[in-house]
Amino acid sequence: MAKPAIGIRSAQERAERIQGQIHVYDGSGKGKSQAALGVVLRSIGLGIASNQPTRVLLLRFLKGPGRTYDEDAAISALQQGFPHLIDQVRTGRAEFFGPEAITRFDRLEAQRGWDVAKGAIASGLYSVVVLDELNPVLDLGLLPVEEVVSTLRHKPDQLEVIATGRGTLPQLLEIADLHSEMKAHHHLAAEASGISGIEIYTGDGKGKSTSALGKALQAIGRGISQDKSHRVLILQWLKGGTGYTEDSAIAALQQSYPTLVDHQRSGRDAIVWRGQQQEIDYVEAERTWEIAHTAIASGLYKTIILDELNPTVDLELLPQEPIVHALLRKPRDTQVIITGRCKKTPAYFNLANIHSEMICHKHYAEKGVDLKRGVDF
């Protein structure tokens with residue numbers, strides 16, 4: 001029997017996934033709304049590549065006017081970069097409230113948002129519908145769970161739906177095709193707030209690189225709002241070749257903001273297995289780290305994404321000490337986002353002020369759905 005191939009070439013032989021899935025991102029950690037926006041960016045990029053424009057509805061519950069949210073700037077960047085493709089509706093009041101403080105206004109606002117969602121789902125006009133903070137809305141009893149679940153269960157086949165927020169009810173999880181929990185971690189330095197601007201996204205679940213792309217959008221959007229150019233650098237290890245999930249998203253970013261987004265990938269066109277590292281793997285890892293630490297020290301970039309740095313260190317292709325030193329010396333207003341799985345916790349995790357672990361509870365691959373490179377991984 002022939003030995004199965006590994007890496008991109010084997011992945012490209014799989015059938016294309018055409019059916020939209022229901023994603024749920026929940027948990028106490030950061031990255032839920034960011035991951036949703038990363039998926040939106042990826043979908044837009046895929047639409048551009050296939051010459052089939054992707055329309056997106058961002059429906060944001062519990063996020064009424066009068067308050068600024070982290071993802072506001074990212075959404076502004078999306079709307080400016082891709083006009084006519086992004087629709088946004090915000091509902092609710094600006095302040096936080098619990099079950100004991102629910103008012104008639106809260107119920108009316110939740111219903112108003114859901115009416116918009118139902119119309120969008122039924123219309124067939126959208127490729128992606130993001131139901132941001134739907135989970136706590138259902139948990140608070142502001143909407144009838146049975147109606148929401150039934151509507152989502154009978155959505156158009158090609159529609160991708162993303163629900164976010166803490167407190168997902170079992171009824172919604174039952175129909176979800178993908179469920180990633182963002183779990184917050186606190187390290188030694190993080191208990192004293194860590195170093196501002198160092199964020200780590202790790203774990204086996206979906207949402208790591210897409211959360212990082214959400215942060216890239218956020219940086220660009222904040223620069224636009226301040227009439228400044230906030231440059232973003234995206235460095236990727238272990239991702240030689242082409243056809244990754246992020247490719248279309250990054251291409252879309254570079255198309256809309258060509259002077260603000262720089263991108264560099266490295267590695268072989270194959271999976272690097274532990275114990276089977278080759279000399280070229282060390283050379284490629286070090287080459288990209290040289291770019292990374294120079295960029296961090298330069299202060300030229302507002303956000304630097306070090307995608308798959310964690311498994312690169314875990315495979316011992318890079319030492320930890322230079323990474324720690326570079327992060328300790330980073331400029332105050334430079335944001336560094338680090339992603340990827342790892343079995344051993346690197347020392348630089350102790351420097352992060354945000355660390356979210358993406359835990360995979362459910363994935364549509366388990367149901368036999370064929371995955372497509374550039375769409376699912």
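Two exercises with worked solutions follow, both on a predicted model.

**Exercise 1. Determine which residues of helix α12 are buried, and where on the helix they lie.**

Step 1. Helix α12 covers residues 321-328, and within this helix I323, V324, A326 and L327 are buried.

Step 2. Viewed down the axis of α12, the buried residues fall within an arc of 165°, so they line one face of the helix. As a general point, an α-helix has 3.6 residues a turn, so residues three or four places apart point the same way.

Step 3. The partners of these buried residues are β7 (195-202), α10 (279-298), α11 (309-314) and β11 (335-339), against which they pack.

**Exercise 2. Examine the salt bridge between D72 and R60, state which elements the pair joins, and decide whether each residue is buried or exposed.**

Step 1. A salt bridge joins the side chains of D72 and R60, with an N to O distance of 2.8 Å, and a search of the whole structure finds 23 salt bridges.

Step 2. Because D72 belongs to helix α3 (residues 71-81) and R60 to strand β2 (residues 56-60), the pair ties together parts that are 12 residues apart in sequence.

Step 3. Since buried means under 20% relative accessible area, D72 counts as buried at 16% relative accessibility, and R60 counts as buried at 2%.

Step 4. The pair also has a wider setting, in that R60 and D72 are linked with K63, E71, D132 and E133 in a network of salt bridges.

Note on methods
Residues numbered from 1 in each chain as written. Predicted model: local features only at pLDDT ≥ 70, side-chain atom pairs only at ≥ 80, totals over all residues. Heavy atoms only, no water. Buried < 20%, exposed > 50% of the residue type's maximum accessible area, 1.4 Å probe, protein only. Helix = DSSP H or I, 4+ residues; strand = E, 2+ residues; numbered from the N terminus. Arc of directions from axis to C-beta. Contact = heavy atoms within 4.5 Å. Salt bridge = Lys/Arg side-chain N within 4 Å of Asp/Glu carboxyl O.
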